[in-house]
Amino acid sequence: MNPQEALAACEVTVRQSDPDRYFAGLFAPADKRPMLFALYAFNHELARAAEVARESVMAEIRLQWWRDALDDAWEGRPRAQPAAVGLTELLRRGAISTAALHALIDARSEEIGAAPFPNVTALEAHLEATSGALIRLAAAVLDPQTAIEEVSREAGIAYGLAGIIRAIPFHAARDKSFLPADLLAAERLNPNDVLSLRHGNAARRIVSRLADVARAHFDHAKRAVVPKKILPALLPAALVPAYLSSATRGRKPLREPKDISLFRRQFILLRAATLGRL
């Protein structure tokens, strides 16, 4: 598989599996898009490791495969997988370090297993290391000279929390809960209550609390002045208010998957890109 074929395959993967980041990436300069899609395809593969594997050991094996693939990519010996070949091209251009990508893999390993995060603070730290780190890496692809530590953290946590709320039924079907243990304990619930989709009123209160945390992070990110060059890296976070509004409107947040139409998402991204801010 040559680099052109691999990068084209990465773009297809992102368009199908991560439409928010795909459409946000279309606002990047044409010469930057292949590298963005290679990065996002890599992130997709890491996220799938914990989602697809039913057993923790299998998920760890998948992540270890990507650690080894990343090292091979750094040495210019990419494995015959589109995202792995894309990593080689990404590293060859020098905007992103292997250490940063290894850190992203390590952060994803925290998602393996059924135990919830102990508290909201721990969940926020995890989202900063995953969603926030991905924003920083994408920004480095677009403009290596621009530092966006604070806004990437706030936007990453907000977008990550919105994603967790939207995915509650998906994760529950796989015996997994990202709802923090302290919020569950405050409602006298345990993870098994969530996994069996019981206690709708308590679940609504927990979702409402997480949504409030997400809104606070989004409001902080929205106040930041974002350089135009790196705005596409942050654009997915512009969807947070719409996602939270949809997710908190229903009576049964654990039973009813919440989403907004693709057309509405595209409109929100277009508006944010046109205005030059979240």
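# Notebook: aromatic pairs, salt bridges and buried sites

I searched the whole structure for aromatic pairs and got 5. One of them joins Y22 and F23 in an edge-to-face arrangement. Their ring centres lie 5.2 Å apart, with 75 degrees between the planes. I note here that the model is predicted.

**Entry: around Y22**

I asked which residues cluster with Y22 and F23. F37 joins them, and the three form one aromatic cluster. Next I checked how much of Y22 is accessible. Its relative accessibility is 9%, so I file Y22 as buried; the cut-off for that label is under 20%.

Then I looked for charges over rings. The charged end of R15 sits over the ring of Y22. The distance from that charged end to the ring centre is 5.9 Å. I found a second case at Y40, where R21 lies over the face of the ring. R21 is at 5.9 Å from the ring centre of Y40.

**Entry: salt bridges**

How many salt bridges does the structure hold? I count 15. I went through several of them.

I started with D20 and R265, which form a salt bridge. The closest N and O atoms are 3.1 Å apart. I then asked which helices the two residues belong to. D20 lies in helix 2, residues 19-25, and R265 lies in helix 15, residues 262-275. The pair therefore ties together parts that are 245 residues apart in sequence.

Are the two partners buried or exposed? D20 is buried, with a relative accessible area of 4%. R265 also counts as buried, at 11% relative accessibility.

Next came D72 and R79. Their side chains meet in a salt bridge, 2.9 Å from N to O. D72 is buried at 13% relative accessible area. R79 has 24% and is partly exposed. The cut-off explains the split: buried means under 20%, so 13% puts D72 in that class, while 24% puts R79 outside it.

I followed this bridge further. D72 and R79 belong to a network of salt bridges that also links E75 and R77.

The last pair I opened was E111 with R108. This salt bridge brings the closest N and O atoms to 2.7 Å. Both E111 and R108 are buried.

**Entry: the whole chain**

I stepped back to the overall fold. What does the secondary structure come to? I get 15 helices and 0 strands. The radius of gyration is 18 Å, close to the 19 Å that the globule rule gives for 278 residues. The protein is therefore as compact as a globular protein of that length. Along the principal axes, the C-alpha atoms fill a box of roughly 55 × 45 × 30 Å.

I also pulled the burial and contact totals. Of the 278 residues, 51% count as buried. I then took the contacts between residues at least 6 apart in sequence. Of these, 70% join residues at least 24 apart. The accessible surface comes to about 12700 Å². Carbon and sulfur atoms hold 52% of that surface.

**Entry: A84**

I picked A84, which lies in helix 5, residues 82-92. A84 is buried, with a relative accessible area of 0%. What does A84 touch beyond residues up to four places away in sequence? I list W66, A69, A73, P78 and R79. R79 is also the salt-bridge partner of D72. I checked L39 too, which is 45 residues from A84 along the chain. The C-alpha atoms of A84 and L39 are separated by 9.9 Å.

**Entry: L137**

L137 lies in helix 7, residues 120-142. At 8% relative accessibility, L137 counts as buried. Leaving aside neighbours within four places in sequence, I find L137 in contact with L39, I96, A100, L101 and L104. I also took the distance to A95, which is 42 residues from L137 in sequence. From C-alpha to C-alpha, L137 and A95 are 8.4 Å apart.

**Entry: E187**

Where does E187 lie? I place E187 in the loop between helix 10 (181-186) and helix 11 (191-195). I then asked whether this loop residue is buried or exposed. E187 counts as buried, at 13% relative accessibility. Beyond neighbours within four places in sequence, the contacts of E187 are A202, R205, I206 and R209.

Methods:
Residues numbered from 1 in each chain as written. Predicted model: local features only at pLDDT ≥ 70, side-chain atom pairs only at ≥ 80, totals over all residues. Heavy atoms only, no water. Phe/Tyr/Trp six-rings, centres within 6.5 Å; stacked < 30°, edge-to-face > 60°. Buried < 20%, exposed > 50% of the residue type's maximum accessible area, 1.4 Å probe, protein only. Lys NZ or Arg CZ within 6 Å of the ring centre and 35° of its normal. Salt bridge = Lys/Arg side-chain N within 4 Å of Asp/Glu carboxyl O. Helix = DSSP H or I, 4+ residues; strand = E, 2+ residues; numbered from the N terminus. Rg over C-alpha atoms; globule rule 2.2 N^0.38 Å. Contact = heavy atoms within 4.5 Å. Areas by Shrake-Rupley, 256 points an atom, 1.4 Å probe, with all protein chains shown as cover.
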